[in-house]
Each structure stands twice: as C-alpha cells, then as structure tokens.
Amino acid sequence: MNLHHLKAYPHVEKALGLPDLMQSLYDEGRKVLMDQTLVTLHGEEHRARRLLEMRIFRRDFLRFYEEDVLPGLLEETLAPRLAAGRLEVVEFGYRVMIHLAIAFAGIDRQRFTDEESDGLLHMIRVFGKAATLGQLKGDPEPVRQEIREQLGIFERDFFLPSVQRRRDAIAAWRAGSLPEEELPRDILTVLLRNEDNLELASDVLRNEVAFFFLAGAHTSVHSLGHLVHHLLEWCEAHPEERALLEADALRVQRFAHESFRLHPSSPVARRRAVADTQLPDGSLAVTGDTVVIDLRQANRDESVFGADAAAFNPLRRLPTGIFPHGITFGSGAHACLGKALAAGTVLRGEQAPAEGNHQIGTVATIAQRLLRAGARRDPAQEPRVDRKIERETWEFYPLLLGAAAPAGDRA
Ligand code: HEM
C-alpha cells in the first residue's frame, strides 16, 4: 500500500472533495469511541446522518448558543477566577466549553456540582485521547482501557438519564401536550426524534453524542490557547491597540481566524482510497492506499497566503474566495459542522459583515472577554506546550487578571 502526502493548498482542498477517499484518521479511535460516529461514516450512510444533524446547526440555534448559553457559562466560570486575580487558559477553556458542548450534544448536567464538572473535565481529556490514538507512541491498550472506563461512566451517569428525559419530552410533544419549540435543541433530541428512520443502536447513539461532546470542546480549547497567545504577543508589541481589541469584537474575530489558519486542531486529514483515484497532484491512489492531506502545510502555502504565510498577520490581504482561516475546518463531505459555532460568521476577502446578523464565534468571544478582564502573562510562570503529542498545543497557559499594578508599585 502506498502513502500519498498532499500539501499544496489547491490539492488539499480538492482532495477533501473526492468521493472515493474514505475517512481513516480515526481508525484506532473507532475501536473505542468513534465507531459509527458521523466523522467515520462514508457514502450514503454519512450523507443521511449529516443531513439530519445539520438541522441543529441552523443559524437561530447557533445564535441561541452564542447569545443565550455562552455568556452565562462564561461569567459563571470567570467570577471566582477574577476574584482570585488569575487563571490558567486551558483549564478555564475546558470549564466553559464542556458545558456548552454537552448542552449542544444533548447531555444534561445531573447535579450541577463542582465534582460533576471535575468529572466531565477528566472525561473530555480522556476522550480526547481517542482522536490521537493512531499517533500514540507505545502500547495503546492502557489508554483504550481508560477510554472504555470513562465511556461507561458517561453512559451510566449522563447519557441514559438524558435519553430518558428526551424520550419523555418527545412523547409529550407527539401527544400534543408540549409545543415543538420547547423540545431540547440538541443532537440527541434530533436523533431520537428520527429513531425509526435511522435504526441506531443505543451504543451508536451514545458514541455519537460522546463524539459531539468531544468535537465541540476539545478543538475549541486548543484554538483558544493559540488565540490568547497571539493576542497577548500582539498587545505587547502594539500596546496602543489593546483598547481597540477590547472594544471591537470583529477585530478579535479576525485575529481568531488568522490563529485558526496557523494552528489547525487537526494538522492533517487522512483518507483511504476505496477505489482507484486520480489525486489532484496527478498521482494515482490505488484501492487501499492512504492519502495524508496536510491541512497545516496547506495553510502555510505561500502561493496562496503570501511570502509571510508562516507568520501571524491578521491584517493580511487574502485572494478572492479564500477563507481567512484557510482549510482548518476541512472541506467536502466531512467539512466541520461546528465551524459557525467556533468561528462565527466567516467573511472572505473584502466582504463586510451583515448588520445585526453576524456571529463572532465562541473562541473569539471567550478570548475577548479575557482581554477585557485585564488578562496578561504571569511573569512568575512560563506557559508550556504539550510535548507528548505531535501537534503544537498549549497545555498550560497561566494569566493574571484585573488591573496591572502601576510600575512603581510592583515588587
Ligand atoms: C476550532 C474549532 C474546530 C475545528 C478547528 C474543527 C475542525 C474540524 C475538521 C478539520 C473537521 C473535518 C475532519 C475530516 O475531514 O476528517 C471537522 C469535522 C467535524 N466537526 Fe469540527 N472543528 C471545530 C469545532 C467543532 C465544533 C464546536 C463542533 C460541534 C459543535 C464540531 C463538530 C464537527 C463534526 C460533527 C464534524 C464531522 C463532520 C462530518 O464528518 O460530516 N467541530 N471539524
């Protein structure tokens, strides 16, 4: 079997649209968590599930999550940290995003306690390992076991009670005693409403919801770390622009899109040819060949993004038709469903935002709130990148909050 590696932006974009290349990035993750989840399905089965789940990504639903759910979660999570005058970005990001992601997936918090949140935080960190199992160095079995254990806890403590509540709500709606608008707005409800057509076994439903929990939170937290880093570096280099960024959400969103471009959460997509396929670089992938589609390299293609493609430059001019975040959210049949939630409304080139109808996205919203809270680097603690995995990820990023002490008062 041959391995093909595509790196040029136009090749990467085209390859993601080829129908005979099947998802293979999660072959290891499928054995424990991702079996029959949307991202691993292919062909007609994938199309039918995706069409259904897309209903939950309607603009009014996304607005509801950005405007009604996120602000409360953000303030609730920030308040004790503001009082303490410090926070750590990765832990903070997870605390906010896990609750948004479970709401979106259709999982109810049962007890609303700190212990419950700690448990979910641990769970998502463990689920996150499923996505990178294929790249793990060493014996994967202990990691698989850890994932299975957490999936068992997820099923017992969260999934089954959430299914029951939704079945009851759907039954009440079918009986005419609950208006449709009062049904929960989440993936699990959409799937349960269509159970008869989809014939999903309970463990498939469970995996799908767990996958949405993972996909919704993990990637956004990874992106938040990078964005905060770039924003702080920018403000250190251009102190006069900090007030502008604190006031202008569109500007922070532009920074977010540039940061997404440089640091795709998934540096590569991976596919297996299920039929002989001509690749966009002219080579032939024969059935069974693997194609590595390099999103990170494509996003740094100088022929598209200019000679400074590898640098952070949120003010760069883009060629017509190119997204400012590059190919970070994928393209084609598996293109990210959650892009509008994470990145908001994406403008290309000189496009202007539509009045009153523009979303900022969770990642830029959280980062801007941190700037407004006075976020700055903690001189006493260096941030750290995660050296255990291949992709660049901040694993620890401490910040100070509140007004900085005047220079003369500093110790
Ligand atoms: C910064 C945040 C995010 C990034 C960078 C990102 C990136 C991606 C990428 C690259 C893919 C395509 C994978 C492939 O082609 O193999 C993908 C798929 C997907 N993403 Fe995201 N994602 C993000 C946030 C989200 C959120 C917030 C959600 C859900 C609420 C989500 C749900 C999904 C789903 C369901 C798929 C699978 C779609 C399919 O296979 O049809 N993502 N994402």
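How many bridges join strand β4 to strand β7, and in which sense do the two strands run? In this predicted model, five bridges join β4 (residues 268-273) to β7 (residues 290-294), and the two strands run antiparallel. Two residue pairs help to locate this pairing on the structure. V268 stands opposite D294 in β7, and A269 has I293 of β7 as its bridge partner.

This pairing belongs to a wider arrangement. An open sheet of four strands follows the order β1-β7-β4-β2, and its pairing is mixed. The edges of this sheet are formed by β1 (3-6) and β2 (21-23), each of which pairs on one side only. On average, neighbouring strands of this sheet are turned by 30° against each other, direction ignored. At the β2 edge, β2 and β4 pair in the antiparallel sense over three bridges. Here L21 has A273 of β4 as its bridge partner. As a general reminder, the strands of a sheet pair through backbone hydrogen bonds, either parallel or antiparallel.

A further open sheet can be traced elsewhere in the chain. Three strands form it in the order β3-β11-β8, with antiparallel pairing. The edge positions are taken by β3 (86-88) and β8 (376-377); each has a single partner strand, so one side of each is left without a neighbour in the sheet. Two bridges join β8 to β11 (residues 398-400), and these strands run antiparallel. Within this pairing, R377 has L399 of β11 as its bridge partner. A helix accompanies the sheet: α5 (residues 89-105) lies across β3 and β11, running at about 80° to β3.

Stepping back, the chain contains 16 helices and eleven strands. The C-alpha trace spans about 70 × 60 × 50 Å along its principal axes. How does the radius of gyration of the chain agree with that of a compact globule? For 411 residues, a compact globule would have a radius of gyration near 22 Å; the chain has 22 Å, so the two agree. Buried residues make up 38% of the 411 residues. Among contacts with a separation of 6 or more, 72% are between residues 24 or more positions apart.

One residue offers a friendly example of such contacts. E258 is found in helix α12 (residues 249-262). Is this residue buried or exposed? E258 is buried, because 23 other C-beta atoms lie within 10 Å, where the cut-off for burial is 20 or more. Leaving aside neighbours within four places in sequence, E258 is in contact with F312, N313, P314 and P324. In the case of P324, the partner is 66 residues apart from E258 along the chain, and the C-alpha atoms of the two are separated by 6.2 Å.

Finally, the ligand and its surroundings can be considered. There are 26 residues around the ligand, and T219, G330, H334, C336 and G338 come nearest. Which helix gives the most to this shell? Helix α10 does, with six residues. Both α10 (202-237) and α15 (339-343) supply at least two residues each. By residue type, the shell around the ligand divides into 14 nonpolar, eleven polar and one charged.

Terms used: Residues are numbered from 1 along each chain as its sequence is written. This is a predicted model: local features need pLDDT of at least 70, side-chain atom pairs count only at pLDDT 80 or more; totals for chains, interfaces and linings use all residues. The radius of gyration is taken over C-alpha atoms; the globule rule is 2.2 Å times the number of residues to the power 0.38. A residue is buried if 20 or more other C-beta atoms lie within 10 Å of its own, exposed if 12 or fewer, and partly exposed in between; C-beta atoms are placed from the backbone. Two residues are in contact if their C-beta atoms, placed from the backbone, lie within 7 Å. Two strands pair if DSSP finds at least two bridges between them. Axes are lines fitted to C-alpha atoms, for helices over the stretch in contact, and angles run from 0 to 180 degrees between N-to-C directions. A residue is near a molecule or strand if its C-beta atom, placed from the backbone, lies within 6 Å of it. Ala, Val, Leu, Ile, Met, Phe, Trp, Tyr, Cys and Pro count as nonpolar, Asp, Glu, Lys and Arg as charged, and the others, Gly among them, as polar.
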